[in-house]
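Me: I have just opened this one and don't know my way around yet. Could you walk me through some of its details?

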Amino acid sequence: MGSDNEVNDAQTNSRRRFLGKSAALGLAGAGVLAGCKENGAGAPGSASASAAAAGKSHGAGKAHVEPGQLDDYYLFSSGGHSGEARIMGVPSGRTLRRIPVFNIDPMVGWGITNESKAIMGTKPDGSLKYTTGDTHHVHGSYKDGTYDGRFLWVNDKIHSRLARIRMDTMECDKITELPNVQGFHGIFPDKCDPVDKSVNHTTRVFCGAEFAIPFPNDGRDLDDPSKWGSLFTCVDAETMDVRWQVRVDGNMDLTATSYDGRFACSNQYNTENAADQAGMMAAERDACVFFDVARVEALVKAGKFTTIGSSKVPVVDGRKAVNADPKTAVTCYVPVGKNPHGVNASPDGKYMVCSGKLSPTATVIEVALVAKWFDGELKTERDAVVAEPEIGLGPLHTAFDGKGNAFTTLFLDSQIVKWNVAAAIAQFKGDKTVKPVVDRVDVHYQPGHGYASMGETKDADGKYFNSGNKFSKDRFLPVGPLHSETEQLIDITGDQMVIISDHTAYPEPHDAIIVRRDIVKTRQIYNMDDFPNKVTADNAGITRNGNKVHVRLMSQAPAFSMPVIKVKKGDEVTLTLTNYDKVEDLTHGCALPTYNINFIVNPQETKSVTFKADHAGAFWMYCTHFCHALHLEMRSRFLVEA
Ligand code: RUQ
Ligand code: CUA
Ligand code: CA
């Protein structure tokens, strides 16, 4: 252990030196650092060993959920470049569900059925507009400052889309493509209406765009990035329509909202407005930009906006030059540590914390002071900063326990650092006796996001913190060049953090939220009447209109309603299937060989597919989802006449 620690210290020191010397940290640097940690704290079991050495007790929190027992929390996670969202149980780490969103998923038929294609968006020829996505952040709808269990939202960074997931069915019901932006990264719903104070639930979702692009992005200004820019976007939570956008100086990254509804904010790592990496690291400080939402909407109402290209979305100017007077400004740029990543609201509603990726600090911004700046009562934006503790190398995301402590992921140090917000503020005010850092724990390895149970609500309960690690290295059986990702669950109930479990994750989840299970109320059976195209005993069968054929089919275990379906080569076939089974979880599948059709229908659900019967033959349409002792016999002859 001792020699391990020496190795660690030596590595830490060399990393500190490296950081001090070289501005060119960037991704290549991080990769090198990731590699050099391999022989350090990397030995399997060293976390528990170091926990034991530090006198930490195990069993304070248990990750093991007995067979037949249920988890206490749902974890809703993004799936990164898989384009999906996921549900896991906490503390077990059991995977409960994968929710296709921007990706094609033959298990449910997402991207295959007409209904899912309509949500995903199609080209004029009916094919999907996009088949890829990159989900980073999942956030839930709020009521009274905590989750209400209605919706989840998740972003697609590749094609700048915002998706909504209904939490009663855990299915995506709407996707909106944001105009005029690229690299849509951070999202956050508001917690109450910024304009109508009587509305205490989520009304809008805010979206931060990371990459600057020309306006409009139609081939102009390709060689002059100084003319490019980024927009902050507001989407209506109910209709999912884009309400407005704000042009900013610099870029945006992650997004957060204040508990009082007044502000949305976003950390900016490229206040330099640079188009290359060195340029983006030039300034000593970057910013967290705050948006006064009601003021933006007043300008929109008053017609004080422009539009870009063919988009009709109002664009308000939030750049510094036109927002110099705080009393009329829509934006306030608060300086924070260099190249920050992440902005998180404390559950007491008082603070926003931004970590400087290239600065070993977290910047604590007091929301009430930002409000004072907008009221013209604060000298400079900088005065809204109330603490800036040194917490470690490569700080990214911060979570809270609701007891005044913050937990920040340290990418370079491969640690989670626990620090006390009040102590950090006291230290900033000049109290030299306080030490903000309370504890550190090694994680394996290079943590990105970290999030706590109910940590992004006023009900933060301080039970669990999950570290989403970017490199697993030796933690699991090797499975080829691409390793599994690690998620590590940490018990944060005591003064010291205790890692209680490791589990794997398919690459690569980014952010997640941990939601108390009593908040989530799913339905077990669909309401057949929710599907206007449901098949009934009256309309079941085949109807033909020229070469358009509609096959209306029902399923009830263990059979489809028609044993034989006959169409002609060249027909455009729409097949609609309603599942008449009413038993919970009694799902049927429908696959059609050589026609690329594969989807499921849950109890009382209706789905449809449309395809061209372009080759003749006999095709066994069969049930893919094990439903009955006669599941294998559940098949019909789909005959295409030459
Ligand atoms: S990001 S590891 Cu896409 Cu949320 Cu920070
Ligand atoms: Cu129906 Cu298997
Ligand atoms: Ca910068």
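Reply: What follows goes through a metal site, a ligand shell, some strands and a few backbone details, and please keep in mind that this is a predicted model.

Me: OK, metal first. Which residues are the protein donors of the calcium ion (ligand 3)?

Reply: The calcium ion (ligand 3) has donors from Tyr269 (O), Glu272 (OE), Glu272 (OE), Met280 (O), Asp286 (OD), Asp286 (OD) and Asn339 (OD1), and these lie 2.3 to 2.7 Å from the ion. Along the chain, the donors of this ion follow the spacing Y-x2-E-x7-M-x5-D-x52-N. Aspartate 286 sits in strand 14 (residues 285-292), while asparagine 339 is in the loop between strand 16 (331-337) and strand 17 (340-345), so this pair ties together parts that are 53 residues apart in sequence.

Me: And that pair, aspartate 286 and asparagine 339, buried or exposed?

Reply: Aspartate 286 counts as buried, because its relative accessibility is 3% and the cut-off for buried is under 20%. Asparagine 339 counts as buried too, with 4% relative accessibility.

Me: What about ligand 1, which residues are around it?

Reply: The residues around ligand 1 are His136, His137, His185, Leu254, His341, His397, Gly448, His449, Lys470 and His510. Sorted by class, that shell has one nonpolar, eight polar and one charged residues.

Me: Switching to strands. In what order do the four strands of the open sheet come?

Reply: The order in that open sheet is 25-26-27-28, and the pairing is antiparallel. Strand 25 (447-452) and strand 28 (498-505) stand at the edges with a single partner strand each, so one side of each is left without a neighbour in the sheet. On average, and ignoring direction, neighbouring strands of this sheet are turned by 20° against each other.

Me: How many bridges join strand 25 to strand 26?

Reply: Four bridges join strand 25 to strand 26 (residues 464-469), and the two run antiparallel. As one place to look, alanine 452 stands opposite phenylalanine 465 in strand 26.

Me: Now strand 35. Why is it described as largely enclosed by the rest of the structure?

Reply: Strand 35 (residues 588-592) is described that way because five of its five residues are buried. His588, Cys590 and Leu592 point one way from the strand, Gly589 and Ala591 point the other way, and all are buried.

Me: What does strand 35 pair with, and over how many bridges?

Reply: Strand 35 pairs with strand 36 (residues 597-601) in the antiparallel sense, over five bridges. Within that pairing, cysteine 590 has phenylalanine 599 of strand 36 as its bridge partner. The hairpin of these two strands has four residues between the strands, and threonine 594 takes a positive phi near 65° there.

Me: Which other residue in the loop between strand 35 and strand 36 should I look at?

Reply: Asparagine 596 is in the loop between strand 35 and strand 36, and its phi is near 65°, a positive value in a residue other than glycine. Most residues other than glycine have a negative phi. Asparagine 596 counts as exposed, because its relative accessibility is 69% and the cut-off for exposed is over 50%. Aspartate 585, in the loop between strand 34 (572-579) and strand 35, has a positive phi of about 75° although it is not a glycine, and it counts as exposed at 65% relative accessibility.

Me: Where are the cis peptide bonds you'd point me to?

Reply: One cis peptide bond joins proline 507 and glutamate 508, with omega about -15°, and glutamate 508 is in the loop between strand 28 and strand 29 (512-516). The peptide bond from alanine 557 to proline 558 is cis as well, with omega near 0°, and proline 558 is in the loop between strand 31 (548-556) and strand 32 (559-560).

Me: Last bit, how many residues of helix 7 are buried?

Reply: Helix 7 (residues 367-374) is mostly covered, since six of its eight residues are buried, and these are Val367, Leu369, Val370, Ala371, Trp373 and Phe374. Just after helix 7, glycine 376 takes a positive phi of about 80°.

Definitions and conventions: Residues are numbered from 1 along each chain as its sequence is written. Chains are lettered from A and ligands numbered from 1 in the order in which they are written. This is a predicted model: local features need pLDDT of at least 70, side-chain atom pairs count only at pLDDT 80 or more; totals for chains, interfaces and linings use all residues. Side-chain values use heavy atoms; hydrogens and water are left out. Two strands pair if DSSP finds at least two bridges between them. Axes are lines fitted to C-alpha atoms, for helices over the stretch in contact, and angles run from 0 to 180 degrees between N-to-C directions. Donors are N, O and S atoms within 2.8 Å of the metal (3.2 Å for Na, K and Ca); water is not among the atoms, so sites may look incomplete. Buried means under 20% relative accessible area, exposed over 50%, partly exposed in between (1.4 Å probe, protein chains only). A residue is near a molecule or strand if one of its heavy atoms lies within 4 Å of it. Ala, Val, Leu, Ile, Met, Phe, Trp, Tyr, Cys and Pro count as nonpolar, Asp, Glu, Lys and Arg as charged, and the others, Gly among them, as polar.
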